[in-house]
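Please examine the model below. The explanation that follows turns to a metal site and then to a sheet with its helices.

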Amino acid sequence: MGEQVVILGIESSCDDTSAAVIVDGVEMSNVVAGQKVHEAYGGVVPELASRAHQKHIIPVVDQALNQAGVELSQLSAIGYTRGPGLMGSLLVGGSFTNGLSLALKKPVIEVNHMRAHILAHFIQNLEKSRQTPEFPFLCLTVSGGHTQIVLVKDYFEMEVLGETKDDAAGEAFDKVAKLMGLPYPGGPVIDQLAKEGDPDKFRFPVADMPDFEFSFSGLKTNVLYKLQKGSQSDPDFVAKNKAHIAAGVQKAIIKALLQKLERAAKKHGIKDIALAGGVSANSELRESLTELGKKNNWNTFIPPFAYCTDNAAMIGITAYYSFLEKNYDGQYRPPKARMKM
Ligand code: KG4
Ligand code: ZN
């Protein structure tokens with residue numbers, strides 16, 4: 001029997017500082033420190049994000065190692081998010097990784113954040129073994145920065161079939177929430193509000209785009225006009241209708257996402273369909289995809305909440321597969337804010 005593969009994963013691409021330990025593909029710890037500082041601003045403030053990462057990174061890594069009962073000397077490699085993300089935020093995790101690897105003389109494995117969201121489906125847990133999708137499968141990745149339908153042929157062979165031309169799905173949730181005076185991040189708030197609302201009271205059109213492309217930027221303008229018009233005749237319009245507006249917007253976003261996903265599945269004849277990224281925490285999206293999956297006889301893979309939003313376990317599992325496939329050279333490379341799949 002070979003030696004155990006022990007990976008420390010580090011994620012700092014946006015506003016969550018996270019560290020995780022993955023041993024032979026099994027999650028031993030996954031510590032995430034969020035950042036409250038952005039709530040008041042209606043979006044992530046990059047400079048505040050990098051400062052908060054700096055404050056969190058050492059305690060978060062320390063806690064991840066302690067929870068896993070792993071010593072630094074036992075690590076096989078350290079995986080870190082190289083991109084895409086906010087440059088200042090990426091630099092904190094990247095520089096920390098570089099320093100640690102030099103001190104320990106351990107190899108570094110760079111990880112693409114978008115691939116990691118998808119490979120989160122392969123993280124195994126101690127308590128319960130998880131069903132994993134079979135290649136090739138389709139993944140709808142919906143986060144604050146990205147919206148893509150990806151054909152996943154293998155761990156490191158992924159083809160983006162289509163993506164958003166402007167706002168991401170999560171961004172659309174966040175911007176609409178901001179227009180309604182709701183705190184950041186708006187996605188979870190809209191999700192909750194929508195449960196009390198009538199999705200058909202207000203209708204919000206989403207642009208139909210060619211092939212597997214998306215466009216969500218028109219949606220927020222449409223919401224803005226509806227809010228302005230409603231508030232002219234009734235100053236309490238938003239307060240009275242926020243649940244209905246939330247439900248209507250949510251319905252429109254989900255419809256656009258799932259229509260394209262279904263089309264892509266049919267075109268490529270694929271039955272294993274996965275969901276990934278922060279927006280996959282949305283309760284209505286999870287339910288609608290489950291329904292759609294039943295209708296189409298799909299095997300649907302919907303991640304547990306801990307693997308929807310940014311976390312280091314997904315970075316760790318991606319580095320683990322790079323390690324197994326010897327798909328790395330151990331060198332540190334500075335972050336890239338923009339990074340292709
Ligand atoms: O993947 P993620 O944590 O970070 C990025 O890489 O962007 O995604 C964050 C996004 C935010 O836009 C947030 O509003 C959205 O995911 N989100 C949700 C929900 N939970 C998080 N959107 C809709 N419904 C939710 N329950
Ligand atoms: Zn993400």
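Donors are N, O and S atoms within 2.8 Å of the metal, and since water is not among the atoms, sites may look incomplete. In this predicted model, the donors of the zinc ion (ligand 2) follow the spacing H-x3-H-x192-D along the chain. The protein supplies His113 (NE2), His117 (NE2) and Asp310 (OD), at 2.0 to 2.2 Å from the zinc ion (ligand 2). His117 belongs to helix 3 (residues 113–119), whereas Asp310 sits in the loop between strand 11 (299–301) and helix 9; the pair therefore ties together parts that are 193 residues apart in sequence.

The geometry of the site is irregular, with angles of 93 to 146 degrees among its 4 donor atoms. Four donors count as tetrahedral only if all angles lie between 85 and 135 degrees. His117 is buried, at 2% relative accessibility, and Asp310 is also buried, with a relative accessible area of 15%.

Attention now passes to the sheet. It is open and mixed in its pairing, with 6 strands in the order 5-4-1-2-3-6. Strand 5 (108–112) and strand 6 (124–125) form the edges, each pairing on one side only. Strand 4 (residues 77–83) runs parallel to strand 5, joined to it by 5 bridges; here Tyr80 stands opposite Glu110 of strand 5.

Two helices may be placed against these strands. Helix 2 (residues 87–104) lies across strand 1 (6–11), strand 4 and strand 5, at about 155 degrees to strand 4. Helix 9 (residues 313–324) packs on the sheet, touching strands including strand 2 (17–23) and strand 3 (26–33), and its direction makes about 135 degrees with that of strand 1.

Methods. Residues numbered from 1 in each chain as written. Chains lettered and ligands numbered in written order. Predicted model: local features only at pLDDT ≥ 70, side-chain atom pairs only at ≥ 80, totals over all residues. Heavy atoms only, no water. Pairing = 2+ DSSP bridges. Helix = DSSP H or I, 4+ residues; strand = E, 2+ residues; numbered from the N terminus. Contact = heavy atoms within 4.5 Å. Axes fitted to C-alpha atoms, helices over the stretch in contact; angles between N-to-C directions. Donors = N, O, S within 2.8 Å, 3.2 Å for Na, K, Ca; no water. Tetrahedral: all angles 85-135°; square planar, octahedral: opposite > 155°, others 65-115°. Buried < 20%, exposed > 50% of the residue type's maximum accessible area, 1.4 Å probe, protein only.
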